[in-house]
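Here are a few exercises to work through with the model open in your viewer. Try each task before reading its solution.

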Amino acid sequence: MQYYLLRAEGAGVLWGLKPTPTGARYEWNVTNRSSVPVRIRSVRLVFDMHRFKGAPQVFRNGYQSWSASDVATFGTARDPSFGADNPFFQAAHHADADTVANEYELRSEWVTVIGDDSEHKLLVGFVGSGKHDGTLRLTHGVEGDVELHAEAFLGGVELGPGESFQLDPVVFVNGTDVDGLLAGWADEVGAKAKARVDAPFQVGWCSWYHYFDKVTEHDIRANLARAADFPFEVFQIDDGYQSAIGDWLTTNDKFPSGLNALAHDIAASGYRPGIWLAPFLVAPDSHVARDRPDWIAQFRPGKPLKAWVNPAWGGFMYALDTSNPAVLDHLEALARALKEMGFSYLKLDFTFAPSFDGIWHDPKLTPAQRVRAGFDAIRRGAGDDAFILGCGVPLAHVVGVVDGNRIGPDVAPLWEPAPETEVIAGYLRTQPATKFAQDATRLRAFMHRRFWLNDPDCLMLRTTQTRLSDAQVDEWARTVGESGGMVLVSDDLSLLSGEAAQRLRETIATGRAADDRARRR
Ligand code: 9PG
(Lines give C-alpha, C1' and ligand atoms only; values in the text may rest on other atoms or scores of the structure.)
Protein backbone atom coordinates (compact mmCIF):
# COMPACT_ATOMS: atom_id res chain seq x y z
CA MET A 1 0.00 0.00 0.00
CA GLN A 2 1.25 3.47 -0.85
CA TYR A 3 -0.21 6.95 -0.57
CA TYR A 4 0.40 10.47 -1.80
CA LEU A 5 -1.27 13.80 -1.09
CA LEU A 6 -3.59 14.83 -3.91
CA ARG A 7 -5.04 18.10 -2.68
CA ALA A 8 -6.41 20.16 0.22
CA GLU A 9 -10.14 20.84 0.03
CA GLY A 10 -12.27 23.56 1.55
CA ALA A 11 -9.63 26.22 2.18
CA GLY A 12 -7.40 24.09 4.40
CA VAL A 13 -3.84 25.29 4.08
CA LEU A 14 -0.94 22.93 4.40
CA TRP A 15 2.09 24.70 5.79
CA GLY A 16 4.32 21.93 6.99
CA LEU A 17 5.02 18.45 5.67
CA LYS A 18 7.64 16.76 7.80
CA PRO A 19 8.92 13.36 6.86
CA THR A 20 9.37 11.24 10.01
CA PRO A 21 11.39 8.01 10.39
CA THR A 22 8.21 5.96 9.95
CA GLY A 23 5.95 8.19 7.86
CA ALA A 24 4.98 11.83 7.70
CA ARG A 25 3.39 14.62 9.69
CA TYR A 26 1.10 17.15 8.03
CA GLU A 27 0.73 20.51 9.74
CA TRP A 28 -2.07 22.70 8.53
CA ASN A 29 -4.50 25.45 9.28
CA VAL A 30 -7.53 27.09 7.80
CA THR A 31 -7.50 30.81 7.06
CA ASN A 32 -10.26 33.16 6.01
CA ARG A 33 -8.62 35.22 3.27
CA SER A 34 -11.82 37.11 2.48
CA SER A 35 -13.00 40.43 3.93
CA VAL A 36 -16.19 39.02 5.49
CA PRO A 37 -16.77 36.45 8.27
CA VAL A 38 -17.14 32.90 6.94
CA ARG A 39 -18.46 29.69 8.47
CA ILE A 40 -16.40 26.54 7.97
CA ARG A 41 -17.94 23.11 8.37
CA SER A 42 -14.92 21.02 7.42
CA VAL A 43 -11.66 20.99 5.50
CA ARG A 44 -9.81 17.96 4.17
CA LEU A 45 -6.48 16.64 3.05
CA VAL A 46 -7.14 14.14 0.28
CA PHE A 47 -4.72 11.27 -0.31
CA ASP A 48 -4.61 8.81 -3.15
CA MET A 49 -4.17 5.26 -1.83
CA HIS A 50 -2.85 2.61 -4.17
CA ARG A 51 -1.12 -0.74 -4.48
CA PHE A 52 -3.28 -2.59 -1.99
CA LYS A 53 -2.77 -6.36 -1.85
CA GLY A 54 -6.37 -7.53 -1.76
CA ALA A 55 -9.18 -5.56 -0.14
CA PRO A 56 -8.27 -2.74 2.28
CA GLN A 57 -9.12 -3.41 5.94
CA VAL A 58 -9.94 -0.47 8.21
CA PHE A 59 -10.00 -0.06 11.99
CA ARG A 60 -13.09 2.06 12.57
CA ASN A 61 -12.98 3.92 15.87
CA GLY A 62 -16.46 5.08 16.88
CA TYR A 63 -17.15 8.71 17.75
CA GLN A 64 -18.35 8.51 21.34
CA SER A 65 -18.42 6.00 24.20
CA TRP A 66 -21.33 3.95 22.81
CA SER A 67 -20.55 4.22 19.08
CA ALA A 68 -19.44 0.98 17.44
CA SER A 69 -15.79 0.22 16.70
CA ASP A 70 -14.61 -2.67 14.51
CA VAL A 71 -12.31 -3.78 11.72
CA ALA A 72 -14.15 -3.50 8.39
CA THR A 73 -13.43 -4.47 4.78
CA PHE A 74 -13.52 -1.64 2.26
CA GLY A 75 -15.90 -2.47 -0.57
CA THR A 76 -18.26 -4.71 1.37
CA ALA A 77 -18.80 -3.01 4.75
CA ARG A 78 -21.10 0.01 4.94
CA ASP A 79 -21.10 3.08 7.14
CA PRO A 80 -24.20 2.71 9.37
CA SER A 81 -25.50 6.11 8.23
CA PHE A 82 -25.79 4.75 4.70
CA GLY A 83 -28.77 2.60 5.72
CA ALA A 84 -30.22 4.78 8.47
CA ASP A 85 -30.00 8.23 6.84
CA ASN A 86 -31.21 9.64 10.17
CA PRO A 87 -29.26 12.86 10.90
CA PHE A 88 -30.80 13.27 14.38
CA PHE A 89 -29.52 9.91 15.57
CA GLN A 90 -26.32 10.20 13.53
CA ALA A 91 -25.52 13.46 15.31
CA ALA A 92 -25.02 11.42 18.48
CA HIS A 93 -22.75 8.82 16.84
CA HIS A 94 -20.53 10.69 14.36
CA ALA A 95 -18.68 14.00 14.30
CA ASP A 96 -20.61 14.90 11.15
CA ALA A 97 -24.34 14.07 11.39
CA ASP A 98 -24.65 13.92 7.59
CA THR A 99 -24.93 10.58 5.83
CA VAL A 100 -21.76 9.42 4.02
CA ALA A 101 -21.32 10.49 0.40
CA ASN A 102 -21.48 7.05 -1.19
CA GLU A 103 -22.14 3.44 -0.31
CA TYR A 104 -18.45 2.49 -0.13
CA GLU A 105 -17.31 5.27 2.19
CA LEU A 106 -16.13 4.08 5.63
CA ARG A 107 -15.19 6.46 8.43
CA SER A 108 -13.22 6.29 11.64
CA GLU A 109 -12.93 9.03 14.22
CA TRP A 110 -9.68 10.53 15.49
CA VAL A 111 -7.52 7.62 14.34
CA THR A 112 -7.55 4.67 11.98
CA VAL A 113 -5.28 1.81 10.96
CA ILE A 114 -5.45 0.63 7.38
CA GLY A 115 -4.10 -2.74 6.25
CA ASP A 116 -4.46 -5.29 3.50
CA ASP A 117 -3.30 -8.84 2.81
CA SER A 118 0.35 -7.80 3.27
CA GLU A 119 2.13 -7.31 6.62
CA HIS A 120 2.09 -3.56 6.15
CA LYS A 121 -0.19 -1.42 8.34
CA LEU A 122 -0.66 2.33 8.16
CA LEU A 123 -1.90 4.40 11.11
CA VAL A 124 -3.43 7.77 10.30
CA GLY A 125 -4.41 9.94 13.24
CA PHE A 126 -5.03 13.47 14.45
CA VAL A 127 -2.67 14.60 17.20
CA GLY A 128 -4.88 16.57 19.57
CA SER A 129 -7.92 16.55 21.82
CA GLY A 130 -10.69 19.02 22.56
CA LYS A 131 -10.15 21.44 19.69
CA HIS A 132 -11.93 19.91 16.71
CA ASP A 133 -12.99 16.52 15.39
CA GLY A 134 -10.86 14.57 12.96
CA THR A 135 -12.62 12.07 10.71
CA LEU A 136 -10.72 9.63 8.51
CA ARG A 137 -12.79 8.58 5.51
CA LEU A 138 -11.80 5.80 3.14
CA THR A 139 -13.75 6.36 -0.05
CA HIS A 140 -13.78 6.06 -3.83
CA GLY A 141 -12.25 8.86 -5.87
CA VAL A 142 -13.78 10.05 -9.12
CA GLU A 143 -11.84 7.51 -11.16
CA GLY A 144 -12.77 4.59 -8.93
CA ASP A 145 -9.44 4.58 -7.10
CA VAL A 146 -9.29 4.57 -3.28
CA GLU A 147 -8.92 7.88 -1.46
CA LEU A 148 -8.30 8.68 2.19
CA HIS A 149 -9.79 11.95 3.37
CA ALA A 150 -8.34 13.36 6.60
CA GLU A 151 -11.15 15.71 7.53
CA ALA A 152 -10.95 18.37 10.20
CA PHE A 153 -14.57 18.75 11.25
CA LEU A 154 -15.25 22.26 12.57
CA GLY A 155 -19.06 22.22 12.58
CA GLY A 156 -19.54 25.64 10.96
CA VAL A 157 -17.14 27.58 13.15
CA GLU A 158 -16.99 31.27 12.26
CA LEU A 159 -13.69 32.81 11.17
CA GLY A 160 -13.41 36.59 10.90
CA PRO A 161 -11.63 38.30 7.98
CA GLY A 162 -7.95 37.27 8.00
CA GLU A 163 -8.46 34.89 10.91
CA SER A 164 -6.67 31.52 11.03
CA PHE A 165 -7.62 28.36 12.91
CA GLN A 166 -4.72 26.08 13.69
CA LEU A 167 -5.64 22.45 13.03
CA ASP A 168 -4.35 19.37 14.82
CA PRO A 169 -1.51 17.74 12.87
CA VAL A 170 -2.27 14.57 10.93
CA VAL A 171 0.31 11.81 11.28
CA PHE A 172 0.94 8.82 9.02
CA VAL A 173 2.88 6.02 10.70
CA ASN A 174 3.92 2.82 8.92
CA GLY A 175 4.44 -0.44 10.78
CA THR A 176 3.40 -4.05 11.12
CA ASP A 177 2.08 -4.20 14.70
CA VAL A 178 -1.39 -2.64 15.02
CA ASP A 179 -1.31 -2.52 18.84
CA GLY A 180 2.11 -0.86 18.78
CA LEU A 181 0.98 1.73 16.24
CA LEU A 182 -2.09 2.65 18.29
CA ALA A 183 -0.08 2.74 21.52
CA GLY A 184 2.52 5.05 19.97
CA TRP A 185 -0.12 7.44 18.65
CA ALA A 186 -2.01 7.40 21.97
CA ASP A 187 1.20 8.11 23.91
CA GLU A 188 1.78 11.25 21.86
CA VAL A 189 -1.84 12.46 22.08
CA GLY A 190 -2.02 11.75 25.82
CA ALA A 191 1.22 13.62 26.52
CA LYS A 192 0.20 16.60 24.38
CA ALA A 193 -3.23 16.82 26.04
CA LYS A 194 -1.89 16.29 29.60
CA ALA A 195 -4.00 13.19 30.13
CA ARG A 196 -5.16 12.51 33.70
CA VAL A 197 -3.86 8.98 34.14
CA ASP A 198 -2.86 8.80 37.79
CA ALA A 199 -6.13 7.97 39.55
CA PRO A 200 -6.00 4.73 41.55
CA PHE A 201 -7.63 1.51 40.28
CA GLN A 202 -11.38 1.93 40.81
CA VAL A 203 -13.66 -0.61 42.48
CA GLY A 204 -17.26 0.16 43.33
CA TRP A 205 -20.99 -0.35 43.07
CA CYS A 206 -23.42 1.29 40.61
CA SER A 207 -27.22 1.13 40.71
CA TRP A 208 -28.02 1.13 36.97
CA TYR A 209 -27.84 -2.42 35.55
CA HIS A 210 -30.13 -4.01 38.09
CA TYR A 211 -32.58 -1.25 39.02
CA PHE A 212 -32.39 1.00 35.94
CA ASP A 213 -34.61 4.10 36.21
CA LYS A 214 -36.89 2.34 38.74
CA VAL A 215 -34.26 2.68 41.49
CA THR A 216 -35.48 3.93 44.87
CA GLU A 217 -33.79 5.29 47.94
CA HIS A 218 -34.78 2.06 49.67
CA ASP A 219 -32.79 0.07 47.03
CA ILE A 220 -29.76 2.31 47.54
CA ARG A 221 -29.89 1.92 51.30
CA ALA A 222 -30.48 -1.85 51.15
CA ASN A 223 -27.34 -2.27 49.01
CA LEU A 224 -25.34 0.14 51.13
CA ALA A 225 -26.18 -2.07 54.12
CA ARG A 226 -24.74 -5.12 52.31
CA ALA A 227 -21.75 -3.39 50.71
CA ALA A 228 -19.36 -4.22 53.55
CA ASP A 229 -19.24 -7.82 52.26
CA PHE A 230 -17.49 -6.56 49.12
CA PRO A 231 -14.26 -4.59 48.56
CA PHE A 232 -15.96 -1.43 47.23
CA GLU A 233 -14.45 2.04 47.42
CA VAL A 234 -17.00 3.94 45.31
CA PHE A 235 -20.77 3.77 45.80
CA GLN A 236 -22.56 5.40 42.85
CA ILE A 237 -26.22 6.35 42.41
CA ASP A 238 -27.24 6.29 38.73
CA ASP A 239 -30.17 7.71 36.75
CA GLY A 240 -33.51 7.66 38.59
CA TYR A 241 -33.08 9.91 41.65
CA GLN A 242 -33.51 13.32 40.00
CA SER A 243 -36.72 15.36 39.98
CA ALA A 244 -36.12 16.12 36.27
CA ILE A 245 -33.33 15.96 33.70
CA GLY A 246 -31.56 19.27 34.36
CA ASP A 247 -32.71 19.63 37.99
CA TRP A 248 -29.91 17.59 39.52
CA LEU A 249 -30.00 18.92 43.07
CA THR A 250 -33.59 17.92 43.81
CA THR A 251 -34.92 14.37 44.03
CA ASN A 252 -38.21 12.74 43.02
CA ASP A 253 -40.68 11.00 45.33
CA LYS A 254 -38.69 7.74 45.24
CA PHE A 255 -35.86 9.51 47.10
CA PRO A 256 -37.57 11.19 50.07
CA SER A 257 -34.39 11.97 52.04
CA GLY A 258 -32.71 14.00 49.31
CA LEU A 259 -29.15 13.92 48.02
CA ASN A 260 -27.45 15.59 50.95
CA ALA A 261 -28.53 12.87 53.37
CA LEU A 262 -27.60 10.09 50.94
CA ALA A 263 -24.14 11.49 50.26
CA HIS A 264 -23.63 11.80 53.98
CA ASP A 265 -24.77 8.24 54.71
CA ILE A 266 -22.67 6.75 51.89
CA ALA A 267 -19.59 8.58 53.16
CA ALA A 268 -20.38 7.58 56.76
CA SER A 269 -20.38 3.93 55.61
CA GLY A 270 -16.84 4.43 54.34
CA TYR A 271 -17.39 4.87 50.59
CA ARG A 272 -16.74 7.64 48.10
CA PRO A 273 -20.23 8.92 47.12
CA GLY A 274 -20.78 8.89 43.37
CA ILE A 275 -23.63 10.34 41.33
CA TRP A 276 -24.82 10.20 37.71
CA LEU A 277 -26.00 13.23 35.78
CA ALA A 278 -26.51 14.27 32.16
CA PRO A 279 -25.26 17.81 32.73
CA PHE A 280 -25.78 19.21 29.23
CA LEU A 281 -29.38 17.99 28.78
CA VAL A 282 -32.54 19.58 30.17
CA ALA A 283 -36.13 18.34 30.06
CA PRO A 284 -38.56 20.90 28.58
CA ASP A 285 -40.57 20.95 31.84
CA SER A 286 -37.54 21.10 34.17
CA HIS A 287 -37.11 24.15 36.37
CA VAL A 288 -33.90 25.08 34.64
CA ALA A 289 -35.49 25.01 31.16
CA ARG A 290 -38.53 27.00 32.27
CA ASP A 291 -36.51 29.55 34.23
CA ARG A 292 -33.70 30.02 31.70
CA PRO A 293 -34.93 29.35 28.15
CA ASP A 294 -32.06 31.58 27.00
CA TRP A 295 -29.59 28.92 28.19
CA ILE A 296 -30.83 26.41 25.64
CA ALA A 297 -29.18 26.08 22.23
CA GLN A 298 -31.47 26.58 19.24
CA PHE A 299 -32.24 24.45 16.24
CA ARG A 300 -33.75 27.33 14.25
CA PRO A 301 -34.34 30.84 15.61
CA GLY A 302 -36.77 30.50 18.51
CA LYS A 303 -36.79 26.67 18.42
CA PRO A 304 -34.96 24.81 21.19
CA LEU A 305 -32.36 22.25 20.07
CA LYS A 306 -33.41 18.67 20.78
CA ALA A 307 -30.37 16.50 21.50
CA TRP A 308 -31.87 13.22 22.72
CA VAL A 309 -35.14 11.39 23.18
CA ASN A 310 -35.86 9.00 26.03
CA PRO A 311 -39.41 7.90 26.90
CA ALA A 312 -38.31 7.18 30.49
CA TRP A 313 -37.45 10.87 30.86
CA GLY A 314 -40.66 12.06 29.20
CA GLY A 315 -39.59 12.44 25.55
CA PHE A 316 -37.27 14.91 23.85
CA MET A 317 -34.50 16.61 25.80
CA TYR A 318 -32.94 19.99 24.94
CA ALA A 319 -29.23 20.86 24.86
CA LEU A 320 -27.79 23.48 27.19
CA ASP A 321 -25.65 26.01 25.33
CA THR A 322 -22.18 25.36 26.70
CA SER A 323 -20.77 28.18 24.56
CA ASN A 324 -22.66 30.66 26.79
CA PRO A 325 -20.58 31.82 29.80
CA ALA A 326 -23.73 31.97 31.96
CA VAL A 327 -24.34 28.26 31.30
CA LEU A 328 -20.74 27.47 32.18
CA ASP A 329 -21.18 29.36 35.47
CA HIS A 330 -24.31 27.29 36.12
CA LEU A 331 -22.45 24.01 35.44
CA GLU A 332 -19.55 25.05 37.63
CA ALA A 333 -21.92 25.95 40.49
CA LEU A 334 -23.82 22.66 40.03
CA ALA A 335 -20.62 20.62 40.28
CA ARG A 336 -19.50 22.62 43.30
CA ALA A 337 -22.85 22.01 45.02
CA LEU A 338 -22.66 18.24 44.42
CA LYS A 339 -19.09 18.18 45.64
CA GLU A 340 -20.01 20.12 48.78
CA MET A 341 -22.71 17.54 49.50
CA GLY A 342 -19.98 14.93 49.36
CA PHE A 343 -20.21 13.59 45.80
CA SER A 344 -16.60 13.47 44.66
CA TYR A 345 -17.22 10.93 41.86
CA LEU A 346 -19.29 12.35 39.00
CA LYS A 347 -20.52 10.22 36.08
CA LEU A 348 -21.25 12.77 33.34
CA ASP A 349 -23.51 11.16 30.75
CA PHE A 350 -25.03 12.02 27.36
CA THR A 351 -22.28 14.58 27.02
CA PHE A 352 -22.27 14.50 23.20
CA ALA A 353 -25.22 16.96 23.34
CA PRO A 354 -23.22 20.20 22.78
CA SER A 355 -21.71 18.74 19.60
CA PHE A 356 -25.01 18.91 17.67
CA ASP A 357 -25.51 21.29 14.75
CA GLY A 358 -27.56 24.30 15.83
CA ILE A 359 -27.47 27.97 16.71
CA TRP A 360 -25.01 28.46 19.54
CA HIS A 361 -24.27 31.57 21.60
CA ASP A 362 -20.61 31.70 20.52
CA PRO A 363 -20.19 30.85 16.82
CA LYS A 364 -16.42 30.82 17.23
CA LEU A 365 -16.38 27.52 19.07
CA THR A 366 -16.25 24.16 17.31
CA PRO A 367 -18.45 21.27 18.50
CA ALA A 368 -15.41 19.79 20.28
CA GLN A 369 -14.73 23.10 22.03
CA ARG A 370 -18.36 23.33 23.21
CA VAL A 371 -18.23 19.84 24.73
CA ARG A 372 -14.85 20.57 26.26
CA ALA A 373 -16.00 23.91 27.72
CA GLY A 374 -18.81 22.10 29.54
CA PHE A 375 -16.43 19.53 31.02
CA ASP A 376 -13.91 22.21 31.98
CA ALA A 377 -16.64 24.14 33.85
CA ILE A 378 -17.61 21.01 35.78
CA ARG A 379 -13.97 20.31 36.58
CA ARG A 380 -13.61 23.87 37.95
CA GLY A 381 -16.61 23.35 40.22
CA ALA A 382 -15.76 19.80 41.32
CA GLY A 383 -12.09 20.53 41.90
CA ASP A 384 -8.93 18.69 40.97
CA ASP A 385 -9.53 15.91 43.52
CA ALA A 386 -12.92 14.85 42.15
CA PHE A 387 -13.04 11.73 39.96
CA ILE A 388 -14.81 12.68 36.74
CA LEU A 389 -16.09 9.83 34.55
CA GLY A 390 -17.14 10.67 30.99
CA CYS A 391 -19.98 8.70 29.37
CA GLY A 392 -21.75 9.06 26.05
CA VAL A 393 -18.87 11.37 25.29
CA PRO A 394 -17.01 12.07 22.04
CA LEU A 395 -13.73 10.46 23.05
CA ALA A 396 -11.50 12.95 21.25
CA HIS A 397 -12.93 15.91 23.18
CA VAL A 398 -11.95 15.14 26.76
CA VAL A 399 -8.35 13.94 27.17
CA GLY A 400 -6.92 15.96 30.05
CA VAL A 401 -10.20 16.70 31.85
CA VAL A 402 -11.71 13.28 32.68
CA ASP A 403 -10.14 10.73 35.04
CA GLY A 404 -12.11 7.81 33.67
CA ASN A 405 -14.06 7.29 30.47
CA ARG A 406 -16.67 4.82 29.25
CA ILE A 407 -15.15 3.31 26.14
CA GLY A 408 -18.08 1.13 25.01
CA PRO A 409 -21.83 0.74 24.83
CA ASP A 410 -23.96 -0.31 27.80
CA VAL A 411 -23.80 -3.85 29.09
CA ALA A 412 -27.16 -5.46 29.78
CA PRO A 413 -28.42 -8.59 31.48
CA LEU A 414 -28.32 -10.21 28.02
CA TRP A 415 -25.39 -11.20 25.78
CA GLU A 416 -26.48 -10.14 22.31
CA PRO A 417 -29.73 -8.59 21.10
CA ALA A 418 -31.77 -10.32 18.38
CA PRO A 419 -31.25 -8.54 15.01
CA GLU A 420 -34.99 -7.85 14.77
CA THR A 421 -34.80 -5.68 17.90
CA GLU A 422 -32.62 -3.16 16.02
CA VAL A 423 -34.05 0.29 16.74
CA ILE A 424 -32.18 2.34 14.08
CA ALA A 425 -31.19 0.50 10.88
CA GLY A 426 -27.44 -0.21 10.94
CA TYR A 427 -26.91 0.82 14.57
CA LEU A 428 -27.65 -2.45 16.40
CA ARG A 429 -24.15 -2.40 17.88
CA THR A 430 -24.91 0.78 19.85
CA GLN A 431 -27.73 -0.99 21.73
CA PRO A 432 -27.14 -2.32 25.24
CA ALA A 433 -25.53 -5.79 25.07
CA THR A 434 -22.69 -7.35 27.01
CA LYS A 435 -21.10 -8.79 23.84
CA PHE A 436 -20.86 -5.35 22.24
CA ALA A 437 -19.31 -3.92 25.41
CA GLN A 438 -16.77 -6.76 25.28
CA ASP A 439 -15.83 -5.94 21.66
CA ALA A 440 -15.27 -2.27 22.55
CA THR A 441 -13.25 -3.19 25.64
CA ARG A 442 -10.80 -5.14 23.48
CA LEU A 443 -10.61 -2.71 20.55
CA ARG A 444 -10.09 0.36 22.74
CA ALA A 445 -7.82 -1.27 25.34
CA PHE A 446 -4.89 0.85 24.12
CA MET A 447 -6.56 4.00 25.52
CA HIS A 448 -6.29 2.80 29.13
CA ARG A 449 -3.90 4.97 31.19
CA ARG A 450 -2.85 6.78 28.04
CA PHE A 451 -5.95 9.04 27.88
CA TRP A 452 -7.72 8.17 31.15
CA LEU A 453 -8.76 5.01 33.05
CA ASN A 454 -10.91 2.90 30.74
CA ASP A 455 -14.39 2.11 32.05
CA PRO A 456 -15.47 -1.04 30.22
CA ASP A 457 -18.89 -0.72 31.93
CA CYS A 458 -20.25 -2.58 34.91
CA LEU A 459 -19.80 -6.17 35.99
CA MET A 460 -23.01 -8.08 36.57
CA LEU A 461 -22.38 -11.06 38.81
CA ARG A 462 -25.91 -12.27 39.53
CA THR A 463 -26.99 -15.56 37.98
CA THR A 464 -30.70 -15.03 38.58
CA GLN A 465 -32.84 -12.15 37.23
CA THR A 466 -30.60 -12.09 34.16
CA ARG A 467 -30.51 -13.64 30.68
CA LEU A 468 -26.73 -14.06 30.90
CA SER A 469 -25.60 -17.64 31.39
CA ASP A 470 -23.07 -18.47 34.06
CA ALA A 471 -20.43 -18.82 31.31
CA GLN A 472 -21.31 -15.37 29.92
CA VAL A 473 -21.14 -13.75 33.36
CA ASP A 474 -17.70 -15.32 33.70
CA GLU A 475 -16.54 -14.30 30.23
CA TRP A 476 -17.47 -10.65 30.79
CA ALA A 477 -15.81 -10.62 34.23
CA ARG A 478 -12.61 -12.01 32.68
CA THR A 479 -12.66 -9.40 29.91
CA VAL A 480 -13.04 -6.59 32.44
CA GLY A 481 -10.24 -8.00 34.56
CA GLU A 482 -7.84 -8.50 31.67
CA SER A 483 -8.48 -4.93 30.47
CA GLY A 484 -7.17 -3.43 33.72
CA GLY A 485 -10.07 -1.00 33.61
CA MET A 486 -12.54 0.14 36.25
CA VAL A 487 -14.53 -2.50 38.15
CA LEU A 488 -18.02 -1.34 39.10
CA VAL A 489 -20.50 -4.00 40.18
CA SER A 490 -24.13 -3.44 39.23
CA ASP A 491 -26.28 -6.03 40.98
CA ASP A 492 -28.79 -6.21 43.76
CA LEU A 493 -26.20 -7.41 46.27
CA SER A 494 -28.74 -9.65 47.99
CA LEU A 495 -28.66 -11.87 44.87
CA LEU A 496 -24.91 -12.46 45.06
CA SER A 497 -23.67 -15.78 46.36
CA GLY A 498 -20.30 -16.58 47.85
CA GLU A 499 -19.30 -17.74 44.36
CA ALA A 500 -20.10 -14.30 42.94
CA ALA A 501 -18.01 -12.63 45.65
CA GLN A 502 -15.14 -14.98 44.77
CA ARG A 503 -15.50 -14.10 41.06
CA LEU A 504 -15.30 -10.43 42.00
CA ARG A 505 -12.11 -10.97 44.02
CA GLU A 506 -10.55 -12.79 41.05
CA THR A 507 -11.60 -10.03 38.63
CA ILE A 508 -10.09 -7.38 40.89
CA ALA A 509 -6.84 -9.33 41.26
CA THR A 510 -6.53 -9.79 37.47
CA GLY A 511 -7.55 -6.17 36.94
CA ARG A 512 -5.04 -4.72 39.40
CA ALA A 513 -2.24 -6.76 37.83
CA ALA A 514 -3.18 -5.64 34.29
CA ASP A 515 -3.53 -2.05 35.49
CA ASP A 516 -0.11 -2.18 37.20
CA ARG A 517 1.43 -3.29 33.90
CA ALA A 518 -0.27 -0.37 32.15
CA ARG A 519 1.08 2.07 34.76
CA ARG A 520 4.63 0.75 34.52
CA ARG A 521 4.98 0.79 30.74
C1 9PG B 1 -28.75 5.97 32.53
C2 9PG B 1 -27.82 5.17 31.64
C3 9PG B 1 -26.62 4.58 32.43
C4 9PG B 1 -25.64 3.97 31.44
C5 9PG B 1 -25.24 4.99 30.41
C6 9PG B 1 -26.47 5.51 29.69
O7 9PG B 1 -29.12 4.70 23.19
N8 9PG B 1 -29.78 4.79 24.24
O9 9PG B 1 -31.04 4.92 24.25
C10 9PG B 1 -29.09 4.74 25.47
C11 9PG B 1 -29.79 4.87 26.67
C12 9PG B 1 -29.11 4.78 27.87
C13 9PG B 1 -27.75 4.61 27.85
C14 9PG B 1 -27.06 4.52 26.68
C15 9PG B 1 -27.72 4.59 25.47
O16 9PG B 1 -27.08 4.45 29.04
O17 9PG B 1 -24.33 4.48 29.49
O18 9PG B 1 -24.48 3.51 32.12
O19 9PG B 1 -25.98 5.58 33.18
O20 9PG B 1 -27.37 6.06 30.64
O21 9PG B 1 -29.82 6.47 31.80
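**Exercise 1: the largest pocket**

How much space lies in the largest pocket? Then work out what lines it.

Solution. Keep in mind that this is a predicted model.

- Step 1: start with the volume; the largest pocket holds about 970 Å³ of space.
- Step 2: go to the lining, which has 40 residues, with Trp308, Phe350, Asp410, Thr430 and Pro432 lying nearest the pocket's centre.
- Step 3: look for helices and strands in that wall. Helix H2 (87-93), helix H4 (208-211) and strand S22 each give at least two residues to the lining.
- Step 4: sort the lining by class, and you get 27 nonpolar, five polar and eight charged residues.

**Exercise 2: the second largest pocket**

Do the same for the second largest pocket.

Solution.

- Step 1: its volume comes to about 350 Å³.
- Step 2: the lining has 20 residues, and those nearest the centre are Arg60, Ala68, Pro80, His94 and Gly426.
- Step 3: by class, the lining of this second pocket splits into five nonpolar, eight polar and seven charged residues.

**Exercise 3: a sheet with S22 in it**

Strand S22 turned up in the wall of the largest pocket. In what order do the strands of its sheet run, and which ones stand at the edges?

Solution.

- Step 1: write down the order, S19-S23-S22, for an open sheet of three strands with antiparallel pairing.
- Step 2: count partners. S19 (281-282) and S22 (306-310) have a single partner strand each, so they stand at the edges and one side of each lacks a neighbour in the sheet.
- Step 3: zoom in on one pairing. S19 and S23 (residues 315-319) are joined by two antiparallel bridges, and valine 282 sits opposite tyrosine 318 in S23.

**Exercise 4: two helices**

At what angle do H5 and H6 pack, and which residues make the contact?

Solution.

- Step 1: recall that a packed pair is described by the angle and the distance between the axes.
- Step 2: for H5 (residues 217-226) and H6 (residues 258-268), the angle is about 10° and the axes are 11 Å apart.
- Step 3: angles under 35 degrees count as roughly parallel, so H5 is roughly parallel to H6.
- Step 4: list the contact. H5 brings Glu217, Ile220, Arg221 and Leu224, while H6 brings Gly258, Ala261, Leu262, Asp265 and Ile266.
- Step 5: class them, and the contact has five nonpolar, one polar and three charged residues.

Conventions:
Residues are numbered from 1 along each chain as its sequence is written. This is a predicted model: local features need pLDDT of at least 70, side-chain atom pairs count only at pLDDT 80 or more; totals for chains, interfaces and linings use all residues. Side-chain values use heavy atoms; hydrogens and water are left out. Two strands pair if DSSP finds at least two bridges between them. Helices (H or I, at least four residues) and strands (E, at least two) are DSSP runs, numbered from the N terminus. Axes are lines fitted to C-alpha atoms, for helices over the stretch in contact, and angles run from 0 to 180 degrees between N-to-C directions. Angles under 35 degrees count as roughly parallel, over 145 as roughly antiparallel, 65 to 115 as roughly perpendicular and the rest as oblique. Contact means heavy atoms within 4.5 Å. Ala, Val, Leu, Ile, Met, Phe, Trp, Tyr, Cys and Pro count as nonpolar, Asp, Glu, Lys and Arg as charged, and the others, Gly among them, as polar. On a 1 Å grid over the protein atoms alone, a cavity is a set of points where a 1.4 Å probe fits but cannot get out, and a pocket is an open set with protein on both sides within 12 Å along at least five of seven lines; lining residues have an atom within 4 Å of a point. Grid points are joined across faces, edges and corners, and a volume is the space filled by probe spheres set on the points.
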